[in-house]
Amino acid sequence: MRVLLIGANGHIGRFVADRLLADPAVQLTALGRGDDADVRFDLASGSPGALTRFLDAVHPGVVVNCAGATRGGARELTRHNTVAVATVCEALRRSGCGARLVQIGCSAEYGPSQPGSSTAEDAVPRPGGPYGVSKLAATELVLGSGLDAVVLRVFSPAGPGTPAGSPLGRLAEAMRRAMQSGDGELKLGGLGAQRDFVDVRDVARAVHAASLSAAQGVINIGSGRAVRLRDAAAVLARVAGYGGALHELDSPPGALRPAIGHPRPDPDHAPPVAYPYPDGCGSWQQADVRTARDRLGWRPRIGLEESLADIWMEAACRI
């Protein structure tokens, strides 16, 4: 099976590449903006015609799109997350390769959920920020393309390679600084949110399974269990061997929340925020993962403690 992987150098893409390369039946070609890509191509600015010519030359059976942006303004997010996917869909429609498309979506497309509930694929998406809107638009483009396609809506990825700017990445960095300075007290804010964390290696297994399956539409990829960030902080402290006290600096609902590992801002000079939760997902998200089990034969294997241990190992090695 010849697979074209777009975004192989991203957080999820790196592990998808490793998983696909481990399958002797897969011939992998990586397309991206970096020098390490087999073919350099910028989806956000490249034309569908140029990509079509490449697809016709390589003739992949599966195209996996892990490319995209998680930060930036609405214009940048739209360009990298929506326009880029429109380019992929149009190129696949024009090409004679007949490739299957596996698109990486995001739980931010759903927006806030009712606390205690599990979000299934038939939930009405109500994204709470520009990132979720840009990813939802991409999903709608894929679903309306007429292609043989599946969108994997990934909840909160964790594990090795977790970006330092993500909640778990910031948490690990704050703990590393506290241990390095011998601080016996760590003050953390914004720990009230509950998220469904899924290890990035399990996500890669889901992508592999989706590539081999005939499943179409949207499929949630998560652990099926929401975890409060303050509980994740306690597990991380145990994994790291941090014996200091953890003090939570939570504020009332709707108030400005200090970032993890940063001092509480002066209320008279607190910077404005666009959304109470930066990802636009509110206080709670938990995936209903029955569709992934039934249609992909996929279940998560790696627990949060192992994911946090890998996040900590990388943080502890930083100078």
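**Helix packing, salt bridges and two individual residues**

Arg 201 has a relative accessible area of 24% and is therefore partly exposed. In this predicted model, Arg 201 pairs with Asp 199 in a salt bridge whose closest N and O atoms lie 2.7 Å apart. Asp 199, by contrast, is buried, since its relative accessible area is 1%, under the 20% that marks a buried residue. The bridge thus joins a partly exposed arginine to a buried aspartate.

The count of salt bridges comes to 14, and two further examples can be described here. Asp 294 and Arg 293 meet through their side chains at 2.9 Å, N to O. Asp 294 is exposed, with a relative accessible area of 55%, whereas Arg 293, at 33%, is partly exposed. Elsewhere, Glu 90, Arg 93 and Arg 94 are joined into one network by salt bridges that share partners. Within this network, the side chains of Arg 93 and Glu 90 form a salt bridge with an N to O distance of 2.7 Å. Both of these residues belong to helix α3, where Arg 93 and Glu 90 are three residues apart, about one turn of the helix. Arg 93 counts as partly exposed at 44% relative accessibility, and Glu 90 also counts as partly exposed, at 24%.

Helix α3 brings us to the packing of the helices. The axes of α2 (residues 48-58) and α3 (residues 74-94) come within 8 Å and cross at roughly 50 degrees. The two helices are therefore oblique to each other, and their crossing is right-handed. On the α2 side, the contact involves Pro 48, Gly 49, Leu 51, Thr 52 and Leu 55; on the α3 side, the partners are Thr 87, Val 88, Glu 90, Ala 91, Leu 92 and Arg 94. Sorted by character, the residues of this contact comprise six nonpolar, three polar and two charged. Glu 90 and Arg 94 thus appear both in the contact with α2 and in the salt-bridge network described above.

Helix α3 also packs against α4 (residues 130-143), with axes that come within 9 Å and cross at roughly 10 degrees. This angle makes α3 roughly parallel to α4. From α3, the contact draws on Ala 74, Leu 77, Thr 78, Asn 81, Thr 82, Val 85, Ala 86 and Cys 89. From α4, the contributors are Pro 130, Tyr 131, Ser 134, Lys 135, Ala 137, Ala 138, Leu 141 and Val 142. The residues of this contact divide into eleven nonpolar, four polar and one charged.

Val 85, which takes part in the contact of α3 with α4, is also in contact with Asn 65. Asn 65 lies in strand β4 (residues 62-65) and counts as buried, with a relative accessibility of 1%. Neighbours within four places in sequence aside, Asn 65 also touches Ile 6, Leu 43, Leu 101, Val 102, Gln 103 and Ile 104.

A last point concerns the loop between α2 and β4, where His 59 is found. Most residues other than glycine have a negative phi. His 59 is not a glycine, yet its phi is positive, at about 55 degrees. This histidine is partly exposed, with a relative accessible area of 45%.

Notes: Residues numbered from 1 in each chain as written. Predicted model: local features only at pLDDT ≥ 70, side-chain atom pairs only at ≥ 80, totals over all residues. Heavy atoms only, no water. Axes fitted to C-alpha atoms, helices over the stretch in contact; angles between N-to-C directions. Helix = DSSP H or I, 4+ residues; strand = E, 2+ residues; numbered from the N terminus. Parallel < 35°, antiparallel > 145°, perpendicular 65-115°, else oblique. Left-handed = near helix turned anticlockwise from the far one by under 90°. Contact = heavy atoms within 4.5 Å. Nonpolar A, V, L, I, M, F, W, Y, C, P; charged D, E, K, R; others polar. Salt bridge = Lys/Arg side-chain N within 4 Å of Asp/Glu carboxyl O. Buried < 20%, exposed > 50% of the residue type's maximum accessible area, 1.4 Å probe, protein only.
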